Each structure stands twice: as C-alpha cells, then as structure tokens.
Amino acid sequence: MASNSAHHATGWAAGLIAAALVAQVGAAGPWHLGSVAAFVAAVAGGTAPDWMEVAWWSRGRRLWITHRTATHWGLGWIAALVFAYGSLHHSKPYTAAVFGFACGGVMHLLADWPNPLGVPWIWKRHSLNWWKSGRCDLLVVALAWGAACWIASPLWVARVERLAQWLHTVVR
Ligand SMILES: [Zn+2]
C-alpha cells in the first residue's frame with residue numbers, strides 16, 4: 001500500500017473534493033452541513049479499504065479479509081460513488097456522507113494502484129507498476145491536492161467574484 005500517512009493526506013484532499021462537489025450540486029443544506037458531512041466521511045473513507053480488512057475487535061488484530069481484496073474492490077467503490085452522487089439532490093443528510101465516504105475510498109484505490117500489488121478494479125488485481133510501495137508518496141499526495149484545488153476552484157472563483165462586486169458597490 002501507499003504509506004498510511006499518504007492515505008491520510010490524499011484522504012483530506014478527497015474530503016475537499018467531496019465537500020466541493022456537494023456544494024456544487026446544491027446539496028450542502030443548512031450551515032453547509034452536507035459539505036461538512038462529506039468532508040469528514042471522505043477522510044474516514046480515505047483509509048477505509050485498509051482498516052475494513054482488519055479484525056479490530058480481535059486481540060491480535062489479524063486481517064479477516066486478505067489484504068487488497070474485497071475492501072479494495074474498485075467496481076464496488078465506484079458504484080457507491082456514482083449511486084451516492086445521483087441521490088445527492090434528494091439531500092437526505094446521509095447521502096452526502098455516503099458520497100464522501102465513497103470519494104475517500106476511490107481516492108485510496110487510486111493511491112494504491114501504482115504499487116506492484118495493484119488494485120482489483122473489476123476482478124483480478126491490476127497494477128500500474130510505476131513504483132514500489134511508499135515511494136513517490138509526495139507525488140501521489142501532490143496529484144491528489146492538485147485535483148482537489150482544480151475541482152474546488154470554481155467555488156472560490158465565484159466567491160471572489162461576489163466579494164469583488166460587493167466591494168465595488170461599497171466603494172462607489
Ligand atoms: Zn490500501
């Protein structure tokens with residue numbers, strides 16, 4: 001796997017992406033609670049494929065699911081993501097959280113993908129085989145944050161434009 005800290009760092013980026021997308025479809029709701037829920041859930045989802053395979057209730061914390069099998073199943077995460085995105089506009093409180101969680105999960109798989117062990121996107125594990133686990137974490141994190149800034153930027157641009165308009169009316 002990519003190192004745990006890399007998964008945390010990309011999970012936060014996934015949180016920003018999820019929060020921005022929730023806001024963009026207008027599903028943030030009162031006090032932006034939907035965006036907040038999506039953000040928190042995405043941070044949890046960013047490490048979920050790894051902690052879901054650990055039997056945390058057992059003493060030895062053994063793996064009860066073989067590493068990088070069921071919990072790293074790409075199709076499942078992507079289906080959850082698409083389904084949750086589609087139901088966002090019903091703006092039930094939990095849809096934003098489910099969407100965020102799936103965002104984090106997909107981000108996790110993307111971060112795992114370039115390692116030799118690979119990710120079972122559909123059935124068999126596939127690896128991009130770009131580098132060994134833990135190498136190039138910085139690049140992975142930078143890419144994740146680049147994507148996050150790119151997706152969130154329309155929101156900032158709109159804010160700044162509104163601020164500029166407001167200033168203009170005040171100054172006049
Ligand atoms: Zn993993």
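Aspartate 50 has a relative accessibility of just 11%, so it counts as buried, the cut-off being under 20%. Keep that residue in mind, since it comes back at the metal site. One caution before going on: this is a predicted model.

**The overall picture**

Let's step back to the whole chain. The protein has six helices and zero strands. If you read along the sequence, the pattern is simply α-α-α-α-α-α. Along its principal axes, the C-alpha trace spans about 65 × 35 × 30 Å. Of the 172 residues in the protein, 41% are buried.

**The zinc site**

Which residues hold the zinc ion? The protein donors are Asp50 and Asp112, each through OD, plus His72 and His108, each through NE2. They lie 2.1 to 2.4 Å from the zinc ion. Along the chain, these donors follow the spacing D-x21-H-x35-H-x3-D. The two aspartates tie distant parts of the chain together: aspartate 50 sits in helix α3 (residues 48-51), aspartate 112 in helix α5 (residues 93-112), and 62 residues separate them. Aspartate 112 has 0% relative accessibility, so this residue counts as buried too.

Why is the arrangement around the zinc ion called irregular? The four donor atoms subtend angles of 85 to 174°. To count as tetrahedral, four donors would need all angles between 85 and 135 degrees, and the range here runs up to 174°, so that label doesn't fit.

**A pair of odd backbone angles**

Now take a look at the loop between α1 and α2, where you'll find tryptophan 31 and histidine 32. Most residues other than glycine have a negative phi. Tryptophan 31 isn't a glycine, yet its phi is positive, about 55°. Histidine 32 isn't a glycine either, and its phi is positive as well, about 60°. Tryptophan 31 counts as exposed because its relative accessibility is 76%, while histidine 32, at 44%, counts as partly exposed.

Here are the residues with an accessibility value, side by side:

| Residue | Relative accessibility | Class |
|---|---|---|
| Aspartate 50 | 11% | buried |
| Aspartate 112 | 0% | buried |
| Serine 87 | 12% | buried |
| Tryptophan 31 | 76% | exposed |
| Histidine 32 | 44% | partly exposed |

**Serine 87 and its partner**

Serine 87 from the table is found in the loop between α4 (74-86) and α5. What lies 3.0 Å from a polar atom of its side chain? It's the backbone oxygen of phenylalanine 83.

**Helix α2, checked with a ruler**

Helix α2 covers residues 33-45, which is 13 residues. At 1.5 Å a residue, the helix should span 18 Å, and its end C-alpha atoms are indeed 18 Å apart, so the two values agree. Which residues of α2 are buried? They are Gly34, Ser35, Ala38, Ala41, Ala42, Val43 and Gly45.

**The largest pocket**

Finally, the largest pocket holds about 400 Å³ of space. It's lined by 21 residues, and the closest to its centre are Val106, Met107, Leu110, Ala111 and Ala144. Helices α1 (4-24), α4, α5 and α6 (137-171) each supply at least two residues of that lining. Which helix gives the largest share? That's α5, with six residues. You've met α5 already, as the helix that carries aspartate 112.

How values were computed
Residues are numbered from 1 along each chain as its sequence is written. This is a predicted model: local features need pLDDT of at least 70, side-chain atom pairs count only at pLDDT 80 or more; totals for chains, interfaces and linings use all residues. Side-chain values use heavy atoms; hydrogens and water are left out. Donors are N, O and S atoms within 2.8 Å of the metal (3.2 Å for Na, K and Ca); water is not among the atoms, so sites may look incomplete. Four donors count as tetrahedral if all angles lie between 85 and 135 degrees; four count as square planar and six as octahedral if opposite donors are over 155 degrees apart and all others between 65 and 115; anything else is irregular. Helices (H or I, at least four residues) and strands (E, at least two) are DSSP runs, numbered from the N terminus. Buried means under 20% relative accessible area, exposed over 50%, partly exposed in between (1.4 Å probe, protein chains only). A polar contact is a pair of N or O atoms within 3.5 Å; within protein, one must be able to donate a hydrogen and the other to accept it, and residues adjacent in sequence count only if both atoms are side-chain atoms. The expected span of a helix is 1.5 Å times one less than its number of residues. On a 1 Å grid over the protein atoms alone, a cavity is a set of points where a 1.4 Å probe fits but cannot get out, and a pocket is an open set with protein on both sides within 12 Å along at least five of seven lines; lining residues have an atom within 4 Å of a point. Grid points are joined across faces, edges and corners, and a volume is the space filled by probe spheres set on the points.
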